[in-house]
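User: Could you take a close look at one part for me, the place where the ligand sits, and then work outward from there? I'd like one connected walk-through rather than a list.

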Amino acid sequence: MPNAPSPVLTFPHAAVAQITLSNPPVNALTRPATRRLRAVLLELADDAAIRAVVLTGDRVFSAGSDISEMPEMQDRGDVLARKSILENATLEMLDDLPLPTVAAIDGFALGGGLELALCCDLVVADAGARLGLPEIDLGVIPSSGGSMRALRRVGQARAAELVLLGEPISAETALEWGLINRVAPRGQSLSVALGLAQTLAHKSRSAVRANKRALALTFGESPGLPAQRALPVFEEAFESADGREGVRAFLAKESPEFG
Ligand SMILES: CCCCCCCCCCCCC/C=C/C(=O)SCCNC(=O)CCNC(=O)[C@H](O)C(C)(C)COP(=O)(O)OP(=O)(O)OC[C@H]1O[C@@H](n2cnc3c(N)ncnc32)[C@H](O)[C@@H]1OP(=O)(O)O
């Protein structure tokens, strides 16, 4: 998808929209891409012809937030605050979209990439894909509700393993844990996701909305609210000596030396 602004919006089937993260080589999530995703979500929410959405990545899903953007934010709290608010609001928009959403994960979904995928109603991963929340190895935490969304899906013990060990898990383990819905044969996650989206596109629009709202209410509040409460925790870790060391070391391709 040369030159198309990421994420790229296409319409593979009648009533189905496909959003493709496209920022080679790892589809790192940049602030411009976040703003574009917001615009795309607003467009789809108002498009009566669209009845289901698939979110995927070009070749891989995403390695998470663009770490190269981070040093500036660690020096400028105002930029960090704007980024955090923008990202949380964007993920909540995806969470609350009045359309069924399906994530198709190929390669890996790490950090903010997994946080993004977990905002979708259903998640399909390619066999052999890797999913994780490795922010601890940068000296920080998932900042946009990934911990809370993972906790809702897999429970305390396994969510703690994801965020404290920071080690990616396989698609098969993610399915066993209840983090995702389907493991597709290699190379088929997108086609499986599009198949689910076509089925969902034939459901009652109002009943889909009501069922999404009922699921969200079951937990008492949108995952975005605890994420907002956790923002000070994220910002403190992000601006700490270890947060700076984690980002520095990654960009320098060195092992971090945490305090
Ligand atoms: C459409 C946008 C919507 C946005 C919606 C809102 C945003 C939601 C997110 C909000 C989240 C906020 C808090 C979240 C924070 C994070 O996500 S922190 C980042 C977490 N991710 C990681 O720690 C992964 C780091 N990368 C890796 O582990 C590996 O690179 C890999 C992905 C497993 C790939 O490994 P490998 O195949 O060996 O290739 P590499 O050589 O390591 O990498 C290739 C090049 O890509 C660069 N790169 C990799 N990851 C990132 C990254 N996250 N940001 C920026 N750049 C990255 C890497 O440096 C290499 O670059 P070059 O050396 O220049 O080739």
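Analyst: Let's start at the tail end of the story: Lys 253 sits in the segment after helix H11 (241–252). This is a predicted model, so keep that in mind throughout. With 76% relative accessibility, Lys 253 counts as exposed, because the cut-off for that class is over 50%. Its backbone is worth a look too: phi of Lys 253 is near 60 degrees, a positive value in a residue that isn't glycine. For background, most residues other than glycine have a negative phi, and most peptide bonds are trans.

Lys 253 also takes us straight to the ligand. The shell around the ligand holds 29 residues, and Lys 253 is among those that come nearest, together with Ala 63, Ser 65, Gly 112 and Ser 143. Sorted by type, the shell residues divide into 17 nonpolar, 7 polar and 5 charged.

What do backbone atoms contribute here? A backbone N or O atom of Gly 112 lies 2.8 Å from an oxygen atom of the ligand. Ser 65 has a backbone N or O atom 2.9 Å from a ligand oxygen. For Ile 67, a backbone N or O atom lies 2.9 Å from a nitrogen atom of the ligand. As for how covered the ligand is, taken alone it exposes 1300 Å², and the protein buries 73% of that. The elements giving two or more residues to the shell are helix H1 (31–45), strand E5 (108–110) and helix H4 (112–117).

Now for Ala 63, another of the residues that come nearest to the ligand. You'll find Ala 63 in the loop between strand E3 (52–57) and helix H2 (70–75). Its relative accessible area is 30%, which makes Ala 63 partly exposed. If you set aside neighbours within four places in sequence, Ala 63 is in contact with Val 26, Asn 27, Phe 108 and Leu 110. For a sense of distance, the C-alpha atoms of Ala 63 and Arg 209 are separated by 30 Å, with the two positions 146 residues apart along the chain. Arg 209 itself lies in helix H9 (residues 205–218) and, at 35% relative accessibility, counts as partly exposed. From Arg 209 to Pro 71, 138 residues apart along the chain, the C-alpha separation is 40 Å.

Moving to the loop between strand E2 (16–21) and H1, that's where Pro 25 lies. A cis peptide bond joins Pro 24 and Pro 25, with omega at about 10 degrees. Ala 15 is another backbone spot to check: its phi is positive, about 75 degrees, although Ala 15 is not a glycine. Ala 15 is placed in the loop between strand E1 (8–13) and E2.

Strand E2 also carries Ile 19, which is buried at a relative accessible area of 1%. Leaving out residues up to four places away in sequence, Ile 19 touches a long list of residues, including Pro 7, Val 8, Leu 9, Leu 37, Val 40, Leu 41 and Leu 44. Val 53, Val 54, Leu 55 and Thr 56 are also among the residues that Ile 19 touches. One of those partners, Pro 7, is 12 residues from Ile 19 in sequence and 6.1 Å away in space, C-alpha to C-alpha.

Thr 90 gives a related view from helix H3 (residues 77–95). Thr 90 is buried, with a relative accessible area of 2%. Apart from neighbours within four places in sequence, Thr 90 is in contact with Thr 34, Leu 37, Arg 38 and Leu 41.

Last, the cysteines, since you may be wondering about crosslinks. How many disulfides does the structure hold? It holds 0 disulfides. A disulfide is a covalent bond between the sulfur atoms of two cysteines. Why don't Cys 119 and Cys 120 form one? The sulfur of Cys 119 has its closest cysteine sulfur in Cys 120, 7.0 Å away, so the pair is too far apart for a bond; the cut-off is 2.5 Å. Both side of the pair are covered by protein: Cys 119 counts as buried at 1% relative accessibility, and Cys 120 counts as buried at 2%.

Technical notes: Residues numbered from 1 in each chain as written. Predicted model: local features only at pLDDT ≥ 70, side-chain atom pairs only at ≥ 80, totals over all residues. Heavy atoms only, no water. Near = heavy atom within 4 Å. Polar contact = N/O pair within 3.5 Å; in protein donor to acceptor, adjacent residues only side chain to side chain. Areas by Shrake-Rupley, 256 points an atom, 1.4 Å probe, with all protein chains shown as cover. Helix = DSSP H or I, 4+ residues; strand = E, 2+ residues; numbered from the N terminus. Nonpolar A, V, L, I, M, F, W, Y, C, P; charged D, E, K, R; others polar. Buried < 20%, exposed > 50% of the residue type's maximum accessible area, 1.4 Å probe, protein only. Contact = heavy atoms within 4.5 Å.
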